[in-house]
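Take a look at the chain below. This report walks through its folding pattern, its sheet, its disulfide and one loop residue.

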Amino acid sequence: MRRTLVFGAGVAVALAAVAVSSAEAVETDEPPSMPDVLGRGLWRVFTTLDHRTRVDVHDVSGRDRRVLWPSRWQVCTQYPAPGIELDRRTTAVIGVVKKGESCPPKVTSARR
């Protein structure tokens, strides 16, 4: 029973923190821009981008695997380039491989 109460309190605190950070993001009038996420974990993409930004994630290893757990993947490619303003029509395209794998040579030379 105690575990449930502790877990419930932790979730409430986490949700409150997300609500506060979301409220701060909405208050700014400038459009969000694409961060540089190359070489970082996929989870960073989802925590850094504005929640309204559409994100298309795909495996660039050539194995056509589904990306189910973002914390287990790292970014090899990104589009648009870092610093480009994102609007409602822009979809961020992120190419990933599993952590511990290297980005394919073709992908590395064609990075966006």
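## Overall layout

The protein chain has three helices and three strands. The model is predicted. Follow the sequence from start to end, and the elements come in the pattern α-α-β-β-β-α.

The chain has 112 residues, and 25% of them count as buried. The protein chain exposes about 8,300 Å². Carbon and sulfur atoms supply 55% of that exposed area. Now consider contacts in the protein chain with a separation of 6 or more. Residues 24 or more positions apart account for 71% of these.

## The sheet

In what order do the three strands lie in the sheet? The order is β1-β3-β2. The sheet is open, and its pairing is mixed. The edge strands are β1 and β2, and each of them pairs on one side only. From one strand to the next, the twist averages 30°.

As background, strands of a sheet pair through backbone hydrogen bonds, and the pairing is either parallel or antiparallel. Both kinds appear here, as the next section shows.

## Strand partners

Start with β1, which covers residues 54-59. Strand β1 runs parallel to β3, and six bridges join the two. One residue to find is H58: its bridge partner in β3 is G95.

Now turn to β2. Strand β2 pairs with β3 in the antiparallel sense, over six bridges. Two residue pairs can be picked out here. Q74 stands opposite V97 in β3. V75 stands opposite V96, again in β3.

## The disulfide

How many disulfides does a search of the whole structure find? It finds one. This disulfide joins C76 to C103, with an S to S distance of 1.9 Å. The pair links distant parts of the chain, 27 residues apart. C76 sits in strand β2, residues 73-79. C103 lies in the loop between β3 (91-98) and α3 (105-109).

Why is the disulfide of C76 and C103 called left-handed? The torsion about its S-S bond is about -90°, so the disulfide is left-handed.

Are the two cysteines, C76 and C103, buried or exposed? A residue is buried when its relative accessible area is under 20%. C76 has a relative accessible area of 0%, so C76 is buried. C103 has a value of 18%, so C103 is buried too.

## A loop residue: T90

Where is T90 found? T90 is in the loop between β2 and β3. Its relative accessibility is 18%, so T90 counts as buried.

Which side chain makes a polar contact with the side chain of T90? The partner is D87, and the contact spans 2.7 Å. Next, leave aside the neighbours of T90 within four places in sequence. T90 is then in contact with R54 and P80.

## Recap

Three points are worth keeping. The strands form one open sheet in the order β1-β3-β2. One disulfide, from C76 to C103, links distant parts of the chain. T90, in the loop between β2 and β3, is in contact with R54 and P80 once its neighbours within four places in sequence are left aside.

Technical notes:
Residues are numbered from 1 along each chain as its sequence is written. This is a predicted model: local features need pLDDT of at least 70, side-chain atom pairs count only at pLDDT 80 or more; totals for chains, interfaces and linings use all residues. Side-chain values use heavy atoms; hydrogens and water are left out. Helices (H or I, at least four residues) and strands (E, at least two) are DSSP runs, numbered from the N terminus. Buried means under 20% relative accessible area, exposed over 50%, partly exposed in between (1.4 Å probe, protein chains only). Contact means heavy atoms within 4.5 Å. Accessible areas come from the Shrake-Rupley method with a 1.4 Å probe; for residues, only the protein chains shown count as cover. A disulfide is a pair of cysteine sulfur atoms within 2.5 Å. Two strands pair if DSSP finds at least two bridges between them. Axes are lines fitted to C-alpha atoms, for helices over the stretch in contact, and angles run from 0 to 180 degrees between N-to-C directions. A polar contact is a pair of N or O atoms within 3.5 Å; within protein, one must be able to donate a hydrogen and the other to accept it, and residues adjacent in sequence count only if both atoms are side-chain atoms.
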